[in-house]
Amino acid sequence: MSAETEEPGPAFRPDDTPKDIYGPDGKPQFFDDPGMDRFVAVAMNMAQEMWVQEERLMALEGLEASAADREAKLQKFIDRIFAPLREQGSDDT
């Protein structure tokens, strides 16, 4: 048996993490439907790839951006990615 099958779930669990955040498989579960957790993971992976492509495009175009400019552009990108979740969250309050 491999170590992965012996100890399912994350190796690191902070002591102050609520115990009900972990699903039956030992992995963190944030939504009632485990499929939604997997969907969010897919969307986040796609967003990471999009940002990599954006950085490559900036390099190919020879854009000399300062670290502050790059961080500002990254923050705008993150804000666009998470805008639907933030809008949904604001409806709940």
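Trainee: How is the exposure of Asp-79 to be read, and what is its relative accessible area?

Mentor: This is a predicted model, and every value is computed from it. A residue counts as buried under 20% relative accessible area, as exposed over 50%, and as partly exposed in between. Asp-79 has a relative accessible area of 32%, so this residue is partly exposed.

Trainee: Which residue meets the side chain of Asp-79 in a salt bridge?

Mentor: The general idea is that side chains of opposite charge can pair when their charged atoms come close. Here the partner of Asp-79 is Arg-86, with 3.1 Å from N to O. Arg-86 is likewise classed as partly exposed, at 46% relative accessibility.

Trainee: Which residues are joined into one network by salt bridges that share partners?

Mentor: The network consists of Glu-55, Arg-70 and Glu-71. One of its links is the salt bridge between Arg-70 and Glu-55, whose closest N and O atoms lie 2.2 Å apart. Arg-70 belongs to helix H3 and Glu-55 to helix H2, so this pair ties together parts that are 15 residues apart in sequence. Arg-70 also meets Glu-71 through their side chains, at 3.3 Å from N to O.

Trainee: How many salt bridges does the structure hold, and are those of the network formed by buried or partly exposed residues?

Mentor: There are four salt bridges in the structure. As for the network, Arg-70 is partly exposed at a relative accessible area of 31%. Glu-55 falls into the partly exposed class at 27%, and Glu-71 does so at 45%.

Trainee: Which elements make up the protein chain, and how much of it counts as buried?

Mentor: The chain contains three helices and zero strands. Read from the N terminus, its elements follow the order α-α-α. Of its 93 residues, 12% count as buried.

Trainee: What is the volume of the largest pocket, and which residues are the closest to its centre?

Mentor: A pocket is read through its volume and its lining. The largest pocket has a volume of about 240 Å³. Eleven residues line it, and those closest to its centre are Phe-39, Val-40, Ala-43, Met-44 and Leu-85. Helix H2 (34-60) and helix H3 (67-92) each contribute at least two residues to this lining.

Trainee: How does the lining of the largest pocket divide by class?

Mentor: The lining has ten nonpolar residues, one polar residue and no charged residues.

Trainee: How does the lining of the second largest pocket divide, and which residues form it?

Mentor: The second largest pocket holds about 210 Å³ of space. Four of its lining residues are nonpolar, one is polar and four are charged. The lining is formed by Pro-24, Asp-25, Lys-27, Pro-28, Gln-29, Phe-30, Pro-34, Asp-37 and Arg-38. The largest pocket, by comparison, has no charged residues in its lining.

Trainee: Which residues make the nonpolar surface patch?

Mentor: A surface patch of this kind is read from its members and its area. Phe-30, Phe-31, Met-36 and Phe-39 make a nonpolar patch of about 440 Å². Phe-30 also belongs to the lining of the second largest pocket, while Phe-39 is among the residues closest to the centre of the largest pocket.

Trainee: Where does Met-36 lie, and why can it belong to a patch?

Mentor: Met-36 lies in helix H2. Membership of a patch requires over 30% relative accessible area. Met-36 has 37% and is therefore partly exposed, above that cut-off.

How values were computed: Residues numbered from 1 in each chain as written. Predicted model: local features only at pLDDT ≥ 70, side-chain atom pairs only at ≥ 80, totals over all residues. Heavy atoms only, no water. 1 Å grid on protein atoms, 1.4 Å probe; cavity = no way out; pocket = protein on both sides within 12 Å on 5 of 7 lines; lining within 4 Å. Points joined across faces, edges and corners; volume = space filled by probe spheres on them. Helix = DSSP H or I, 4+ residues; strand = E, 2+ residues; numbered from the N terminus. Nonpolar A, V, L, I, M, F, W, Y, C, P; charged D, E, K, R; others polar. Patch = residues over 30% accessible without salt bridge, like charges linked within 9 Å, V, L, I, M, F, W, Y side chains within 5 Å. Areas by Shrake-Rupley, 256 points an atom, 1.4 Å probe, with all protein chains shown as cover. Buried < 20%, exposed > 50% of the residue type's maximum accessible area, 1.4 Å probe, protein only.
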